[in-house]
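Let's walk through this structure together, moving from its rings to its charges and then to its cores. Keep the 3D view open as you read.

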Amino acid sequence: MKRPLLALGLSVLLCSALTACGAPQQAVKETVTIRIKCPPMTMAYDADHPDVEVYDLFKEAAEKFTAQYEAAEVNFMIDKFQYVDEKAQVIDKFGTDEAADILFGGSFNIPTYILEGRLAAWDEVLDEPLRADIDEAIWAQCMADGKTYLMPYLQLQNTLMVNADLMRASGLEEYIPPEGTIARWSTEEFNHILNMLKASMTDAHSFPMFSYGANNQGDLHTMTLLRAYGCEIFDGDGNFAVNTPEGIRALSWLKELNEQGITPKGAENLELMSNMELFYHGQMAICIGNQVNLNDCRNLYGLDVFLANFPSQDGNGYATSYLNGFTLFDNGDQKVLDVARDFIRFIYSDKELLRYSLSSTPVLKSYVEEHKDEVWMMQAYSDNSTSVVDFLNNTPNWEGVRAAFYPNIQNLYRGTKTPGEVAAAIDGSCNAAIAEGRAVKRSAGQ
């Protein structure tokens, strides 16, 4: 007679232990840790926030995301590292508990990371509205083999900066573009402008245009000038192809400009910053620059400056862009990948989190339109995205390429090699560096 009562008692105890027999149970959320790494990149999006960095973007985004995310309990670990420490803080941490899940920046190492199979793609969270809100020229720089490996957040475009007063003094007013726009010159027009500037700039220490070759700083801009006569730099296989009639003509042109004193003599010993100082002090009419340099010209040096694309034969011109955004590392945990993708997509859905991109030029066209009156030239930079060339071209071992490129430019300016010999040497040395980068993929068995 007691057994049924005992069974009933156990049943009651079991129901109590389950917190009300038959009631739905709340699932325990899985805990996921996302490790983010970022450089000390300034994101001073307005005058009231001069010290804001990308670290602050991640901190604010993490707080907002965890407050509303239902799929998991998410812990964020945000590490800031110095630019020179990417190898120590990212590359050397692969395979350890300190490996990055998300990296922010515009790393030259991205093509190598892709070849090594380190990165996961973002395409799963790229809905059509987001894709359409970013220019195709920008997406092209973020992709390899049809997959998107960089989620672009902002761009820092490089164009030419031009001293408007020196242009006027040389009778070149017609080449000054309307306020708030970027000038576009053909190579023929550009040469005319340089010759007119040279005729009026008679001081031995003043020059119409920049030039340098002391190190790899600014080598990208020399490469962009090589496009002036139709050289596309790369062939269809991603190798350097400067040893062409167009490439040799462009190298001959740079040598001629140097010999004529249109660019500084001894350019092989000059650095980029030496040219910038000449420009800031009114001793150079045309230099390269970006939004940061442009603001310095106006606010620190009081210069009347406008922007122009690098010259091209068709007159549309070229610009380059340092895209900064988010890369996602595949460390073997699918749940981490899923949450990390959700987190970054969340940033693009929150306008307060997008405001950090106003520190440069946002990639979202709708956000540029909404804030175009707040940042000088922001709309012009955004409109100029169609002129941007992908200088990186998914090239592995880009640091090796840079180390190989500039000694060849030194030989050009010194006259120790002809333009034809320099073109052949550029292709040989730069392609050897690319081959080293591709060997990483083969050795890793990818």
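A good place to begin is a cluster in which ring pairs link Phe58, Phe104, Tyr153, Phe326 and Tyr348. Here, rings of Phe, Tyr and Trp (its six-membered ring) pair if their centres lie within 6.5 Å; planes under 30 degrees apart count as stacked, over 60 as edge-to-face and the rest as tilted. Before going further, please note that this is a predicted model: local features need pLDDT of at least 70, side-chain atom pairs count only at pLDDT 80 or more, and totals for chains, interfaces and linings use all residues. Residues are numbered from 1 along each chain as its sequence is written, and side-chain values use heavy atoms, with hydrogens and water left out.

By the ring rule, the count comes to 27 aromatic pairs. Within the cluster, take Phe58 and Phe326: their ring centres are 5.8 Å apart and their planes stand at 75°, so this pair is edge-to-face. The pair links distant parts of the chain, with Phe58 in helix H2 (residues 54–68) and Phe326 in strand E12 (residues 320–329), 268 residues apart. Helices (H or I, at least four residues) and strands (E, at least two) are DSSP runs, numbered from the N terminus. Are these two rings buried or exposed? Phe58 counts as buried at 0% relative accessibility, and Phe326 is buried with a relative accessible area of 0%. For these labels, buried means under 20% relative accessible area, exposed over 50%, and partly exposed in between (1.4 Å probe, protein chains only).

Another edge-to-face pair is formed by Phe234 and Phe240, because their ring centres lie 5.0 Å apart and their planes are at 70°. Phe234 counts as buried at 10% relative accessibility, and Phe240 is buried at 3%.

Some rings have a charge for company. The charged end of Arg249 sits over the ring of Tyr229, 4.5 Å from its centre, and that of Arg227 sits over the ring of Tyr318, 5.9 Å from its centre. A charge sits over a ring if NZ of Lys or CZ of Arg is within 6 Å of the ring centre and within 35 degrees of the ring normal.

Now for the charges that meet each other. The count comes to 21 salt bridges, where a salt bridge is a side-chain nitrogen of Lys or Arg within 4 Å of a carboxyl oxygen of Asp or Glu. Let's return to helix H2, where Glu60 lies. The side chains of Arg355 and Glu60 meet in a salt bridge (3.1 Å, N to O). Arg355 lies in the loop between helix H14 (351–354) and strand E13 (361–362) and Glu60 in helix H2, so the pair ties together parts that are 295 residues apart in sequence. Arg355 counts as buried at 16% relative accessibility, and Glu60 at 18%. Which residues join these two in a network of salt bridges? Lys64, Asp350 and Glu352 are linked with Glu60 and Arg355 there. Leaving aside its neighbours within four places in sequence, Glu60 is in contact (heavy atoms within 4.5 Å) with Glu352, Leu353, Arg355 and Tyr356.

A further salt bridge joins the side chains of Lys29 and Glu70 (3.4 Å, N to O). Lys29 lies in the loop between helix H1 (2–17) and strand E1 (31–38) and Glu70 in the loop between H2 and strand E2 (73–80), so this bridge ties together parts 41 residues apart in sequence. Lys29 counts as partly exposed at 31% relative accessibility, whereas Glu70 counts as exposed at 59%.

Asp219 and Arg402 offer a buried example: both are buried, and their side chains meet in a salt bridge (3.2 Å, N to O). Asp219 lies in helix H9 (residues 219–225) and Arg402 in helix H17, so parts 183 residues apart in sequence are tied together.

Finally, the nonpolar interior. In soluble globular proteins, nonpolar side chains tend to be buried together. A nonpolar core is a set of buried Ala, Val, Leu, Ile, Met, Phe, Trp, Tyr and Cys residues joined through side-chain atoms within 4.5 Å. Of the 75 residues in the largest such core, Trp185, Phe210, Phe240 and Ile286 touch the most other members. Helix H17 (residues 398–414) gives this core its largest share, 7 residues. Apart from it lies another core, of 69 residues, among them Val32, Met41, Val54 and Phe65.
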